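Dear colleague,

Please find the structure below, with the sequence. Notes on what was found in it come after.

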Amino acid sequence: RSGWSARLAKKRKMSSAPSIAPSPRTARTRSNVRRRLRTNRASPLDNVRFALCRPEGPTNVGSAARAMQNFGLKDLKVVNAAPSVLRDGTIDDDAYKYAVHASWMLDGAVEEDIASACADRTFVVATTARPRENVPLLSLRDGVQRIREELANGARVVVLFGNERTGLTNEELTYANIGVKVPTAGDRAAPNDGADASSSQMSSKKYTGGSGASSGTGSLTPVSLNLGMCVGVVAYELFNQLSDDDVGNFRDFKSHQLTVFEKKRLIEDLIAARQAVDILAGSIDDDDDKEQIYRDKEARQIARVLSGTIASRDAVSFFFLARRILAIAEYANIDDGVLAAARLALEANPDAGAKKINAAVQNALDITLTQRELNRVLAAIRRA
């Protein structure tokens, strides 16, 4: 008992002793740890990737990485780069030189194609100078606000930057949910050249400007943005709107969304299901150019309908529907019914035109034939 009393007395004496201030080195260490913890906290920017498509200049690639790191972005992909950027499958040393302290970002950044760079993303943004078909075009500020909304719903974003000379191709743009442009001063009219204010204001929103200094007027017209500059501007706007948000408070719930790869698979399933119920599909010539054009158009239509972000739980019914149609189509033989209804219509009226035959099929089977299907039905009846 006396031993325990002595220990307790010693402990009370130690607890009542004045605290000793940490050494300056210990204080700096603790401060650095706290700073690293603040710096490494999860940020919405962690879910944003930049993809440089077919870049030609290694200095542009390095400058892009450096700009990204300055504004808190860490995920860079270099897609299908030109030989001037890649040396034996690795990024050229000049890119590392211009990346400075962001050179680590170039390690493992090489991607062979745009599909790989977008595969695990759920929302795709394309930087473009002009409106493109079926791709809504927003200003950079409005585009970043849209990105913020998507991130709040759990999206994983990729921003596409095109080749320095030609921009993004039509194929690359098919992945985009929205397009964004960077407004610049454009080719502003000189003060005394007689141009009206509205035309001057409109031209000031151009992504690309003129060709340099205007001779004799003293006005400067900016040329198109360098790739590294464009990456820096977009990165700054993202940083400006998103850097103060913490992931823990940014999302109230987790909702998995279809990635680009998963959405591509859904589109393929829907296209296959749609083609499985074609009337007289066996007579379709797959090598026919017109048929291929039609199928490509149909695929684009389905892709446009599904162009927005889609929660996985909302896509389940579409996957189920497509695959059930494919399964049932193997056992259903609707072709005979359509041919029988068409023959009856022609027997009743040998001069019946395409509209009357289509109406007869619709009355008999509640099916409306496309013009292509109707042509195949009439051709089959003539052959018989």
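The notes below go from the chain as a whole to the sheet, then to two single residues and the largest pocket.

Please keep in mind that this is a predicted model. The chain holds 16 helices and 9 strands. It has 384 residues, of which 38% count as buried. Among contacts with a separation of 6 or more, 78% are between residues 24 or more positions apart.

The sheet

Seven strands form an open sheet with parallel pairing, in the order E5-E2-E1-E8-E6-E9-E7. Strand E5 (110–111) and strand E7 (137–139) are at the edges; each has a single partner strand, so one side of each is left without a neighbour in the sheet.

Two of the pairings can be described further. Strand E6 (residues 123–127) runs parallel to strand E8 (residues 157–161), and 4 bridges link the pair. Within this pairing, valine 125 has valine 159 of E8 as its bridge partner. Two helices pack on the sheet. Helix H6 (residues 140–152) touches strand E1 (48–53), E6, E7, E8 and strand E9 (178–181), and its direction makes about 105° with that of E7. Helix H9 (residues 227–242) is in touch with E1, E6 and E8, at about 165° between its direction and that of E1.

The other pairing is that of E1 with E2, also parallel, through 5 bridges. Here arginine 49 has aspartate 75 of E2 as its bridge partner. How much of strand E2 (residues 75–79) is buried? The count is 5 of the 5 residues, so the strand is largely enclosed by the rest of the structure. In a regular strand, side chains alternate between the two faces of the sheet. In E2, Asp75, Lys77 and Val79 point one way, while Leu76 and Val78 point the other way, and all are buried. The buried set on this strand thus includes Asp75 and Lys77.

Two residues and their contacts

Isoleucine 114 belongs to helix H5 (residues 114–118). Is isoleucine 114 buried or exposed? Its relative accessible area is 8%, and buried means under 20%, so isoleucine 114 is buried. Leaving out neighbours within four places in sequence, isoleucine 114 contacts Cys53, Val79, Leu160, Glu172 and Tyr175. Cysteine 53 is 61 residues away from isoleucine 114 along the chain, yet their C-alpha atoms are separated by 7.4 Å.

Aspartate 335 is part of helix H14 (residues 334–348). Residues up to four places away in sequence aside, aspartate 335 touches Asp278, Ile279 and Leu280. From aspartate 335 to valine 377 the C-alpha distance is 8.8 Å, with their positions 42 residues apart in sequence.

The largest pocket

Where is the centre of the largest pocket, in terms of the residues that lie nearest? Leu173, Thr174, Tyr175, Arg300 and Ala303 are the ones nearest the centre, out of a lining of 25 residues. The elements that give two or more residues to this lining are helix H7 (170–173), helix H11 (260–276) and helix H12 (289–305). The space in the pocket comes to about 840 Å³. By class, the lining has 10 nonpolar, 6 polar and 9 charged residues. Tyr175 appears in two of these notes: it lies among the residues nearest the pocket centre, and it is one of the contacts of isoleucine 114.

Regards

Conventions: Residues numbered from 1 in each chain as written. Predicted model: local features only at pLDDT ≥ 70, side-chain atom pairs only at ≥ 80, totals over all residues. Heavy atoms only, no water. 1 Å grid on protein atoms, 1.4 Å probe; cavity = no way out; pocket = protein on both sides within 12 Å on 5 of 7 lines; lining within 4 Å. Points joined across faces, edges and corners; volume = space filled by probe spheres on them. Nonpolar A, V, L, I, M, F, W, Y, C, P; charged D, E, K, R; others polar. Pairing = 2+ DSSP bridges. Contact = heavy atoms within 4.5 Å. Axes fitted to C-alpha atoms, helices over the stretch in contact; angles between N-to-C directions. Buried < 20%, exposed > 50% of the residue type's maximum accessible area, 1.4 Å probe, protein only.
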